[in-house]
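Please work through the exercises below with the sequence and the model at hand. Each task is followed by a solution in steps.

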Amino acid sequence: MFVLVRFLFERSLVNAFEYYPLHDFGPLMKGLVIGGLGIFHVFLAQFAIGGGMLMCYFQWLGQSGRDRLGVMRRFVDDYFKYLVLISFVMGALTGVGMWFTSIQISPRTIGLMVHEFHWLWATEWTFFCLEVVAGYTFFRYGKRLPDPLRLKLLVAYSTAAWFSLFWINGILSWQLTPGTWTESRDVWDGFFNPSFWPSLFFRTIVCMVIAALAACVVINTMPLPSEVRRRLIFHASHFLLPMVLMPVLGVWFVAVLPADSRQWVLGGSVAITLFMNVAVGASSLIAGYAVIGLYWQRLTINGATATLLLVLAFGATAGGEFVREGVRKPFTVRQTLYSNSMTPTQITQFRETGSVTHDPYPLLNADRYPNDQVRLGAKVFRLQCSICHTEHGVNGLVHLAGTWTDSQRRMNIAKLQHTKNFMPPFAGPPAEVEALVQWLDWLVNHEPSEWPVSDNPEVRQQIAKWLEEASDY
Amino acid sequence: MDVLFPFGFPWPTALYLTLYVATLTLHMLLMHYVLAGSAWVAGSSLFTGFKSSPTRPSKIIKLLQDWLPFALGGAITAGVAPLLFVQILYQREFYTANLLLFHRWMSILPVLIVAFYLLYLQKSKWLEQRHPQLRPIVWLAIVSCFGFVGYSWTENHLLSLQSQDVWTDFFADREVFFSTIQILPRLSIWFAGAFSTLCAILAWQVHVHRGETAIDLREEAADKSLAVRTLSRVAMASIALTLLATCVYGTLLEKEIVQVLFSGLSWPYFAFALSGWIVQFAVWWNLSKVGTTSRTSSIILTTTVVMTAMSLNVLREAIRLSQVDLGALQTQHAEAASVGGFGVFAFFLVVNSLVVAWLIRSVATSK
Ligand code: HEM
């Protein structure tokens, strides 16, 4: 039964292989474009979620007789202004931006995600609506409302905001660990996947941390006596305490990763391990300062230090997001869609028919190339490699494979997934491998205007053999 | 395509079309408020802003300055749902147009961010303390931003309806703008129509708004009457101009498309839209005479505005449906509908709508 479901699913994807007009981002790797915006958006969104929770806490302190100094209400109102100005504007629009950027970078991947999870995204939208109404109502009328109603609005706002994390977390963690969904194709198997819970708890704590640090910055901008400031900072520091759970959640998260992904985090990939260490290091510094300094010793914190800690939190978010994106490789959806948005079945099909044979979009600068073979190579690069590589820029192929000999290039491209298991299998016949090799060689040789066509049948046979040996995907 | 929209389609297509049109209508109503509202304030600040002695802003201007940031937040949030459903309904077409327009398309985001912050800036004390002539400049910037965004959506939409050959040429020629004769009249329909929606919403706001200061209270009655008369004039002009723009747009459509518009699929919606406009015109005419709104007039206006907007969106869809490969799309819709989760969406749609209503009621009735 599962085999049948999977077969039908793959069939529908094969039939639906759409060619889109792909753009060149120059020296910038496409993954970096979406990653950069993603980090920024995630940080703002987490601020919005944690901010809601923090204000509920302060409002509750204020109305439950714990506000000896009578400042909680005012603080909540001031803090909310920042939340509206930063996260309602930038958070909302970078969110739409994530969607648009995903379409620009990898339309087939976002297409599959929308196909599988549109009802959950639509559900998330109902929470957005609640969040916006509750948030703006508090912003406009909060000051003149009685405490219980203020708390109701804040609880509605922060519950809605947290639920938007709940829904999107299921979709993003599915990309990395789809679990039994790969067999059943059931939306709930995909949503409640192995990394769903550790990732949800971890992100919830991150939200609280960002909100608390932002609160420390805001408190320092308010003209308050030092005793009041100290008190507010002490209460905000309560939101930093759950950081002590981060190591446990981190280990849980790493434990549920597939073995190959885990190995990259644990030293298999220098870049991913390094970013992991940045995230862990920055988080440890914040946690140490928060638990020992702010909570235990009840130190106060000035605006500059609070800002520095917030920047560290941004660094940790960036590191964490990079790791999350990185460990998925060579897939955008594990075992389903490779980084270049092709399914295993499509790869088999393209090895027969050619991957760009039916691509209706011409090369933008076709005259730049000396012959049709090099042009074919450039088209293959655009479809299969350009999502992660550039020509000369970030992760540039000229730098990575410039010193290889032609036969080395032929073998390494034909056996791409063995060359480095970050990479998807090559999706084309020997002629496309050879075209890519010629294109690369032409680039390495500074793009001369004349370039011979390589059509040695023995070379083709050798490539075919290598492709055959690399058909284990 | 002779059966009334959306009943003649297989149920998955009908379901997605219905949800798309319903959520797009919500987006349109709020977007109309933003587009027409900012144009109104910009126009008025051009008249008053360069005068040597500052004049007291009218009730309408005060309401708009106050509510535009929220309306923009609402328009953007409401836009997310049709953005989702359009990807199910016409994925290839929508993605291709986005990709072809590339930087141009992506630029709507920074432009919207700038406009959003300018809307907050115009409410700030900071701007109040600056030179009064800065205000019209800020408003012109705001309305230009929204105009650009609206233009971009129309351009993207029209590009998405083109054939593969047009797309290929557009890409090969590295075009940045998609220009067709249809853009201007189509945009004019949205822009002119936006004012009648704005006036209907403002009628409510004027109706329930109370001045907060003693001066406000004294001037309340005179202000309200002036506001209602102004709204009536603007709304009637808006309806007339929208009709004109619709006629011009109709003459530019191909014969087959016009036939679809008058087929069983969509002609009743044509009739709805037209009767909506006629009723609105009549109500505004009456209000311009009496100079005051009532609950009943506002309810009639709101109902007919929603009816007209919804009908226009159906007609907009009928044009698109006549230009795409429906067979292939219906298969994709059926596949999408086989994925689970609809029940959860329906449940939270109801629950969250009830919570929203309860919150608004609680705040409205709170002392
Ligand atoms: C204030 C800013 C905005 C303005 C002035 C605006 C204006 C418009 C206009 C004029 C159209 C109709 C295009 C046509 O049919 O010719 C449209 C459609 C649409 N808008 Fe907006 N829009 C704005 C913001 C947004 C945002 C931020 C989103 C997404 C979150 C959005 C989502 C949509 C969608 C999905 C459609 C339908 C597209 C299609 O069917 O091809 N809009 N908008």
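The exercises concern a predicted model and treat one chain as a whole, two surface patches and a metal site.

**Exercise 1.** Describe the secondary structure, extent and burial of chain A.

*Solution.* Begin with the secondary structure: chain A has 20 helices and 2 strands. Next, take the principal axes, along which the C-alpha atoms of chain A fill a box of roughly 85 × 45 × 40 Å. Finally, consider burial: of the 473 residues in chain A, 59% are buried.

**Exercise 2.** Determine which residues make the nonpolar surface patch of about 300 Å², and explain why A:L85 counts as partly exposed.

*Solution.* The patch is made by A:Y82, A:L85, A:I86 and B:Y117. Helix α3 (residues 72-105) of chain A gives the most to this patch, with 3 residues. A:L85 lies in helix α3 of chain A. Partly exposed residues fall between the limits of 20% and 50% relative accessible area; A:L85 therefore belongs to this class, because its relative accessibility is 33%.

**Exercise 3.** Identify the residues that gather in the patch of negative charge on the surface, and locate B:E175 in chain B.

*Solution.* The patch consists of B:D165, B:D169, B:D173 and B:E175. B:E175 is placed in the loop between α7 (164-172) and α8 (183-208) of chain B. With a relative accessible area of 38%, B:E175 is partly exposed.

**Exercise 4.** Which protein residue is the donor to the iron atom of the ligand, and where is B:H27 placed?

*Solution.* The iron atom has a single protein donor, NE2 of B:H27, 2.2 Å away. B:H27 is located in helix α1 (residues 11-49) of chain B.

Key:
Residues are numbered from 1 along each chain as its sequence is written. Chains are lettered from A and ligands numbered from 1 in the order in which they are written. This is a predicted model: local features need pLDDT of at least 70, side-chain atom pairs count only at pLDDT 80 or more; totals for chains, interfaces and linings use all residues. Side-chain values use heavy atoms; hydrogens and water are left out. Patches are made of residues with over 30% relative accessible area and no salt bridge: like charges are joined within 9 Å, nonpolar side chains (Val, Leu, Ile, Met, Phe, Trp, Tyr) within 5 Å. Accessible areas come from the Shrake-Rupley method with a 1.4 Å probe; for residues, only the protein chains shown count as cover. A salt bridge is a side-chain nitrogen of Lys or Arg within 4 Å of a carboxyl oxygen of Asp or Glu. Lys and Arg count as positive and Asp and Glu as negative; His and the chain ends are not counted. The place of a charge is taken as NZ of Lys, CZ of Arg, CG of Asp or CD of Glu. Helices (H or I, at least four residues) and strands (E, at least two) are DSSP runs, numbered from the N terminus. Buried means under 20% relative accessible area, exposed over 50%, partly exposed in between (1.4 Å probe, protein chains only). Donors are N, O and S atoms within 2.8 Å of the metal (3.2 Å for Na, K and Ca); water is not among the atoms, so sites may look incomplete.
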